[in-house]
Amino acid sequence: MASNPVQLSQNIRRFWKLFGGVVALFALYFILTSIGLLGEMPSFEELENPDSNLATEIYSSDDVLLGKFYRENRSPIQYQDLPQHLVDALIATEDERFREHSGIDARGTLRALKGMGKDGGASTLTQQLAKLLFHGEGSRNIVVRIHQKVKEWIIAVRLERHYTKNEIIAMYLNRADFVNHAVGIRSAARVYFSKEPKDLAIEEAALLVGMLKNPSYFNPNRASRYELVFNRRNTVFQQMVRNKYLEKETAEQLSKLPIKLNFKYEDHNEGTATYFREYLRDYMKKWAETHFKPNGEKYNIYGDGLKIYTTIDSRMQQYAEEAVEEHVKNLQKQFFASKKGQKNAPFVNINQGQIDAIMTRSMKNSVRWQQMISEGKSEEEVTKSFTIPTEMRIFTWKGERDTVMTPMDSIRYYKHFINAGLVSIEPQTGHVKAWVGGINFKHFKYDHAGKAKRQVGSSFKPFVYATAIEQLNMSPCDTIRDAPFTIPRGRHNVGTNWTPKNSDGKYRGLVTLKSALAASLNTVSARLIDKVGPKAVIDLTHRLGVTTNIPEQPAICLGAVEITVEEMVAAFSTFANQGIYTKPQFITRIEDKNGNIIYEAIPESQDVMSQDVAYATLKLMEGVTEDGTSKRLRWGGGGVANYPYKFTNAIAGKTGTTQNNSDGWFMGIVPNLATGVWAGCEDRSVHFRDTARGQGATMALPIWGLFMHKCYQNKELQISQEDFLQPKDIAIRVDCNIFQRDTTQFDQNFSEFNFY
């Protein structure tokens, strides 16, 4: 039966009206979306400046990346720094017609609609970039997802209008998330292969491109995903063949290659100079509060893509970390052995009540306690949780270990560990060359280089001797009496008669100042501070950069003073810098993300003492390493320190040991490098019982020796093995082998103060 022509005409008109209405509605929807009336759209300025949230990079003085500050680990890269095979792999796998379309691939979209997404999506690289830039992961709600898709189309067209194809590729690869704290191709290349993108081999580039489909699923750092990642990488090769970027025979050969990673987390807890980076982070937070961008905003160290150029030498930093690990690991074995079977281990000479107080204080200072309290739990609940066996991963010198123990037991376990701090400074510039704050930043956060103040013991004595040389016109060759000596009650604020004894209980009669410091004689230090007065010593110490509030008591001459390693090294550096104190400097300059210098460090220095006094003090300390408490540096040897090296060059140094062996120090100086080392346990009531193992010559000096040996092995570092530079026409006698001054009158002047 023939159709009614009138009815047919009406149906056609209705169809076109309906179709036109749908198109008009869609066009209206598209326009309203485009101008932001149906949800916020990125502004033109945002499209022009999508280069935000960039990690701050930290560089060593020898231009090695030490680490980053970030909330999103992303470092930008330009298109010209991408290898061509990476670009080819990306286009072949993610967007075959990338060079042809204008942001939306019509053919791909129709294919996706026809197959309802079963034959793959239709997102172009530009659309994927739009998603990464402005709303991230797509919604699972179909209505919301359609709305997002329309936005992606609009943004993609805008991106294509304002950027070249090459810029879009670079922007996409800079934004892509490759998991494992690797955002962007530069971070991914470093994390998975320890390379810059330009150095990626074709099989490495193909692996990273293959991850883009689903980074978590195709995570190559998970052993269980090896086969999945392997096959996905080979799929990329097939796509490159299909799009004529790769010959079939070459692809077949590449497909047989195993996956080889050189995986390194770029994490705050991992890598080189972790303690230094944390110290630098605290400094930069304060710096950002007082430094502003041209638009008046404060700098953001986590997102502004700054580049911080530091004074740290990556090679010396590595040697310092190796030296600490090598020696402390050996010392730790002896420490564990010494505590075996002891009831109150690791604590020494304290009662159970004192132990309980220490453990409770440590519990309340722990991250676990603070987090649970912040969650609203009562102290009773939190305390109980510390007695419940819990799965945890603990530090051992053989690597991390999974175990089950109560949190309280883990606190006690960690108190067994010996820790260390090391700082190395170039005296002439104040540049910090190496900084080690502990044995493992992940498990021991407290920085023993720049934050921890510990009693310095006899390493304080050079300040006393320098004061005496300056004020009393003394010489290293002058003699002084080593005999029992008392400072009476009332003198120098002493509450009761004070009679210090030498550590070995012996007295030697008349000795030179040089031999007195070499043997670290307490009676001589007491005589000197009695003559010059504690205030004069304190004043000199403060001029040397020590900020600690030092009590005006004679006992400070034996080191009853708490100072950081950093401040001690800076003070000792002054002697090697001809009496000029230079404030430690760890940043040379800071650049913004565009390479503009926004900060340059200005050295801060001041004259503290004459060149003659500084040099005389160095000669005093040379005696310590020649025939004193540090002579192990000259003859090496094994024993409890297991120290193998023998130095023949000029070294000025001083050991330090606190009374109960809680703190071991060694300060060592050569003409162009001053290095200080502290070693001990975090809690002062945990230590060796015997001085043979608890003294600075055993705890700290070997770390210095191991570090310096490694530095000397690397001739590029040019660490001096020469003598210290003697001032011209020096007025102080320093060569005690040629001349010994008659100090009879000087000794008589002291006699009125001697009570023995």
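**Exercise 1. Which residues is Ile169 in contact with, leaving aside its neighbours within four places in sequence?**

A word on the ground rules before solving: this is a predicted model, where local features need pLDDT of at least 70 and side-chain atom pairs count only at pLDDT 80 or more, while totals for chains, interfaces and linings use all residues. Residues are numbered from 1 along each chain as its sequence is written, and side-chain values use heavy atoms, with hydrogens and water left out.

*Solution.*
- Start with the location: Ile169 sits in helix 7 (residues 165-175). Helices here are DSSP runs of H or I with at least four residues, strands are E runs of at least two, and both are numbered from the N terminus.
- Next, check burial. Ile169 has 1% relative accessibility, so Ile169 counts as buried. Buried means under 20% relative accessible area, exposed over 50%, and partly exposed in between, using a 1.4 Å probe and protein chains only.
- Now list the partners: Ile169 is in contact with Tyr79, Leu82, Val87, Leu90, Ile91, Phe98 and Arg99. Contact means heavy atoms within 4.5 Å.
- Take Ile91 from that list: the C-alpha atoms of Ile169 and Ile91 are separated by 8.9 Å, though the two are 78 residues apart along the chain.

**Exercise 2. Find the disulfide and describe its geometry and surroundings.**

*Solution.*
- Searching the whole structure turns up 1 disulfide, a term that means a pair of cysteine sulfur atoms within 2.5 Å.
- The partners are Cys477 and Cys736, with sulfur atoms 2.2 Å apart.
- This pair links distant parts of the chain, 259 residues apart. Cys477 lies in the loop between helix 18 (461-472) and strand 9 (479-482), and Cys736 in the loop between helix 27 (701-713) and helix 28 (744-751).
- For handedness, look at the torsion about the S-S bond of Cys477 and Cys736: it's about -95°, so the disulfide is left-handed.
- Finally, accessibility: Cys477 is buried at 0%, whereas Cys736 is partly exposed at 21%.

**Exercise 3. Work out how helix 10 packs against helix 11, then do likewise for helix 14 and helix 15.**

*Solution.*
- What do you need? Two packed helices are described by the angle between their axes and the distance between the axes. Axes are lines fitted to C-alpha atoms, for helices over the stretch in contact, and angles run from 0 to 180 degrees between N-to-C directions.
- The axes of helix 10 (residues 226-242) and helix 11 (residues 248-255) come within 9 Å and cross at roughly 170°. That makes the two roughly antiparallel; under 35 degrees counts as roughly parallel, over 145 as roughly antiparallel, 65 to 115 as roughly perpendicular and the rest as oblique.
- Helix 10 contributes Phe230, Arg233, Asn234, Phe237 and Val241, and helix 11 brings Lys248, Ala251, Leu254 and Ser255.
- The axes of helix 14 and helix 15 come within 4 Å and cross at roughly 55°, so helix 14 and helix 15 are oblique to each other.
- Here Met363, Lys364 and Asn365 of helix 14 meet Val367, Trp369 and Gln370 of helix 15.

**Exercise 4. Locate the buried residues of helix 17 and say what covers them.**

*Solution.*
- In helix 17 (residues 407-414), the buried residues include Pro407, Ser410, Ile411 and Tyr413.
- They span an arc of only 160° around the axis, which puts them on the same side of helix 17. That arc is taken from the directions from the helix axis to the C-beta atoms.
- The cover over the buried residues of helix 17 includes helix 14 (352-365), helix 15 (367-374), helix 16 (379-385), strand 4 (390-394) and strand 5 (401-405).
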